[in-house]
Amino acid sequence: MSQITVTAPLLPSLEEFNALLKEIWDSKWITNNGRFHQQLEKELAEYLKVPYISLFTNGTLPLITALQALRITGEVITTPYSFVATTHSLWWNGIKPVFVDVDPATCNLDPARIEAAITPKTTAIMPVHCYGKPCDTKGIQEVADKYGLKVIYDAAHAFGVEVDGESILTAGDMSTLSFHATKVYNTIEGGALVMHDEKTKRRIDYLKNFGFADEVTVVAPGINSKVDEMRAAYGILNLRQVDAAIEARRRVAVAYREALRDVPGITFFDDMPGVRHNYSYFPIFVDAEQYGMTRDELYFRLREANILGRRYFYPLISEFSTYRGLPSAAKENLPIAHKMADTVICLPMHHELTDNDLERVIKLVKKY
Ligand SMILES: Cc1ncc(COP(=O)(O)O)c(C=O)c1O
């Protein structure tokens, strides 16, 4: 039986890509803010409805760079229910992560629990729009404003997500994106940092280019996170087809919801009112008692049938050896995140899933 993967990369037409490669070859300008780089930044800012964006080589370096640019130190409050890069970005800046539990309704940082974790060393909050589901940005901002904290959103999953017609990327002080091959929109490897003003954009552009402001001036110890022309051209082509890919994903979500709504012990998220979702993942949560099978039993059954779900986000970041000694990583501090991590499976979700693929996944989850 053919393999059904959890995701599939959105690939541009090879013919169109080759034509752009020819242009790059002819120009001999292959990296360092080239023509396609500039064009992609412009087109992405328009598509995402944000005033300023800087391209990065992946979705981890914009997190690290945002913390640098905002001069964040001390302690940062964050979620354990995410990909490990979120917390690693704090570690790389010598910042102590403070884990706070999530809201089961959204799987995102619960604003009601943030205040209790604030100490005199707290300087910022780093929430994640997990699975592309918007955080309670208003609730988080209220706490941030009360204590004078910065907010950096890890929006790696939230490409194109809007709330009431407005981009989710306008929340907080900065937001980061990942354009990794597994994401809704990809540039093979890639990412971006979204900011609200031109001065910050200029500073970020220096920081991702070793700190160079001009040929002879280095303003800060920057990093190298420049995007080459090949990936920028690839990104321009993929942007033209991302809406169709999101629509295909939406249809998959509708099919899963219809088929699985009445399965005892299986729960999932519905669309949130006023939100333009991107359907980046389709997590289901398995209540072993009601379902009659544990999450892992179902996960391995799917694997035996050549259906590769993923247990995102298990284990929690707070369980990894680097972080589990932190007081905030204690299991008792994070009961909801633990429950979600122990029961979740992300079902295959991408633009190329066929009706036949969906039938195979659904039949297995329904135990036919
Ligand atoms: C929530 C989250 N943050 C950060 C990253 C890091 O992105 P990248 O793999 O592009 O470095 C990822 C994904 O891979 C992610 O899922």
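**Pockets and a surface patch**

Q: What volume does the largest pocket have?
A: About 410 Å³. A pocket here is an open set of points on a 1 Å grid over the protein atoms alone, where a 1.4 Å probe fits, with protein on both sides within 12 Å along at least five of seven lines. The volume is the space filled by probe spheres set on the points, which are joined across faces, edges and corners.

Q: Which residues are closest to its centre?
A: F83, S178, H180, T182 and K183, out of 25 that line the largest pocket; lining means having an atom within 4 Å of a point.

Q: Is this a predicted model or not, and what's counted?
A: This is a predicted model, where local features need pLDDT of at least 70, side-chain atom pairs count only at pLDDT 80 or more, and totals for chains, interfaces and linings use all residues. Residues are numbered from 1 along each chain as its sequence is written, and side-chain values use heavy atoms, without hydrogens and water.

Q: OK, the second largest pocket: which residues lie nearest its centre?
A: T267, F285, D287, K339 and T343, among 19 lining residues. The volume of the second largest pocket is about 350 Å³.

Q: Which element gives the most to that lining?
A: α11, with 5 residues. Helices (H or I, at least four residues) and strands (E, at least two) are DSSP runs, numbered from the N terminus.

Q: Switching topic, where is F212 found?
A: In strand β12, residues 212-214.

Q: Why does F212 count as partly exposed?
A: Because its relative accessibility is 34%, and partly exposed lies between buried (under 20%) and exposed (over 50%), with a 1.4 Å probe and protein chains only.
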